[in-house]
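Trainee: Please give me a close look at a single residue of this chain, and then relate it to the rest of the fold. I would like every cut-off to be stated.

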Amino acid sequence: MLRSLFFAPILLLALLFSTSANSQYVLDEYYKQKGILYEDHVYKAGIQTVRLHPVEDELAMPIIRLNGGTLRLSFDDLYDDFMNLSYTIIHCNADWTPSGLLTQEYIANLQDDYIQNYEYSLNTLFAYTHYNLNIPNGNMRLLKSGNYLIKVYANNDPSDLVLTKRFMVYEDIVTAGGEIKRPTIVEYISTGQEVRFTISHPNYEIPNPFTDLKVHVLQNQRWDNSLTNLKPQFLQNNQLVYNYNRESTFPGGNEFRFFDIKNMRTLTLNMRRVDIDSVYTVYLKDDASREIERYSTYPDINGQFVIRRLDATNSASEADYVYVDFQLRYPTPLAVGDVYLFGKHTDWKLLPEYRLKYDPARKAYHSKVLLKQGYYNFMYAVYDGATKTADISTVEGSHWETENTYQILVYNREIGQRYDRLIGFGELSSADLY
């Protein structure tokens, strides 16, 4: 087993300083964020591959039924052999602000606890410590539905933040179903997807659905472009109908790019070369813009990723960390904004460490990032300064035919309640378009 107490931190710092145009921003503003953010966020450098998903399905959204189902949180620490880590859970409103509930109102047994499951990396060139935690568990049981934030902190100090991660707990009270259609609005007819859905509540009274209900619609589990302000258009026979045109239309996007680094001994599709010195470096085949290309279908996992090492018995602790070299060919730099890697592995954010720098000599955007072995979906996104959002269509194009999944979350605050119950969850696929 190869381990080092200093090798991983030095390499990671070198990576940050070499791949970002403003490395000081990365260290001071991102990893040293002051105060808690009620979103997926990492507060300490060296924390990598943070994942939260149902135990039985690592590609599924982090949502479970109240009193049924278990989520697994896992992450790696590339700096320390061991940290004294604790966690607590915060109940949130539908808009991800803290709810008015006391901790004992939504958590039974302990209100905070230690993360006791950890293991050191085995047979890897890059040393790390792997942590995992199941929620709920024997020490912490959830009593209410709604939005939750798990907060991990170090050294018994709740202000010494390590990471935060969102998840949801729902009650199976109402049913959300519908279909994805080609848009009826002419300007979106070739590039968008229209979400039409119905909420059925035959055994549940909703006195005023226009004010009491909050409905969120997500595309591929993303919160950054979710729709949150839709009101029912029609009420009929214990059904709420949402048949919007423009208001419920998402950009279709494109099928995700992918690469497979489960095996360092062979070149898989989209890999060009593998080098090994003190660690592995994988060079992917050059990418090009797909903005004006016609739609081409192929299977993807909608921006998700899985951790695997083919010759391992336990990929969680035996999958190695690998430098992955990305190159996006462009004759001249884009005038509209910076280019970033984008997907679930970036928490659907434009993070500084995933920014690509334009290299005039190569006539390409280029970056080298550290990732754990596995299978990854990703896209190239451009920062839109006007809307302060991730624009995928500039590089990837957008098509109505693209296969995407959509998640519908139905929240309700009953009269006299101090929190938003999550009373229904549904999932749709645009694959039904065909």
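Mentor: What follows begins with one residue and then widens to another residue, two sheets and the whole chain. The model is predicted, so local features need pLDDT of at least 70 and side-chain atom pairs count only at pLDDT 80 or more, whereas totals for chains, interfaces and linings use all residues. Residues are numbered from 1 along each chain as its sequence is written, and side-chain values use heavy atoms, with hydrogens and water left out.

The residue is R257, which lies in strand 20 (residues 257–260); strands (E, at least two residues) and helices (H or I, at least four) are DSSP runs numbered from the N terminus. With a relative accessible area of 8%, R257 is buried. Buried means under 20% relative accessible area, exposed over 50%, and partly exposed in between (1.4 Å probe, protein chains only).

The side chain of R257 has a polar contact of 2.9 Å with the side chain of E396, and it also reaches the backbone oxygen of A288 at 2.8 Å. A polar contact is a pair of N or O atoms within 3.5 Å; within protein, one must be able to donate a hydrogen and the other to accept it, and residues adjacent in sequence count only if both atoms are side-chain atoms. Contact in general means heavy atoms within 4.5 Å. Apart from neighbours within four places in sequence, R257 is in contact with residues including D287, S289, R290, Y298, Y376, N377, F378, Y380 and V395.

N243 offers a second case, in the loop between strand 18 (239–242) and strand 19 (249–251). At a relative accessible area of 30%, N243 is partly exposed. Outside its neighbours within four places in sequence, N243 is in contact with R196, F197 and Q233.

Next come the sheets, in which two strands pair if DSSP finds at least two bridges between them. One open sheet has four antiparallel strands in the order 16-15-31-32. Its edges are strand 16 (222–227) and strand 32 (421–429), each pairing on one side only. On average, its neighbouring strands are turned by 30° against each other, direction ignored; axes are lines fitted to C-alpha atoms, for helices over the stretch in contact, and angles run from 0 to 180 degrees between N-to-C directions. Strand 15 (residues 213–219) is joined to strand 31 (residues 405–412) by seven bridges, and Q219 has Y406 as its bridge partner.

A further open sheet of four antiparallel strands follows the order 2-4-9-8. Strand 2 (47–54) and strand 8 (117–120) each have a single partner strand, so one side of each lacks a neighbour in the sheet. Here the average turn between neighbouring strands is 15°, direction ignored. Four bridges join strand 8 to strand 9 (residues 129–135), and E119 is bridged to H130.

Over the whole protein chain there are six helices and 32 strands. Its radius of gyration is 22 Å, close to the 22 Å of the globule rule for 434 residues, so the chain is as compact as a globular protein of that length; the radius is taken over C-alpha atoms, and the rule is 2.2 Å times the number of residues to the power 0.38. Of the 434 residues, 55% count as buried. Among contacts between residues at least 6 apart in sequence, 73% join residues at least 24 apart.
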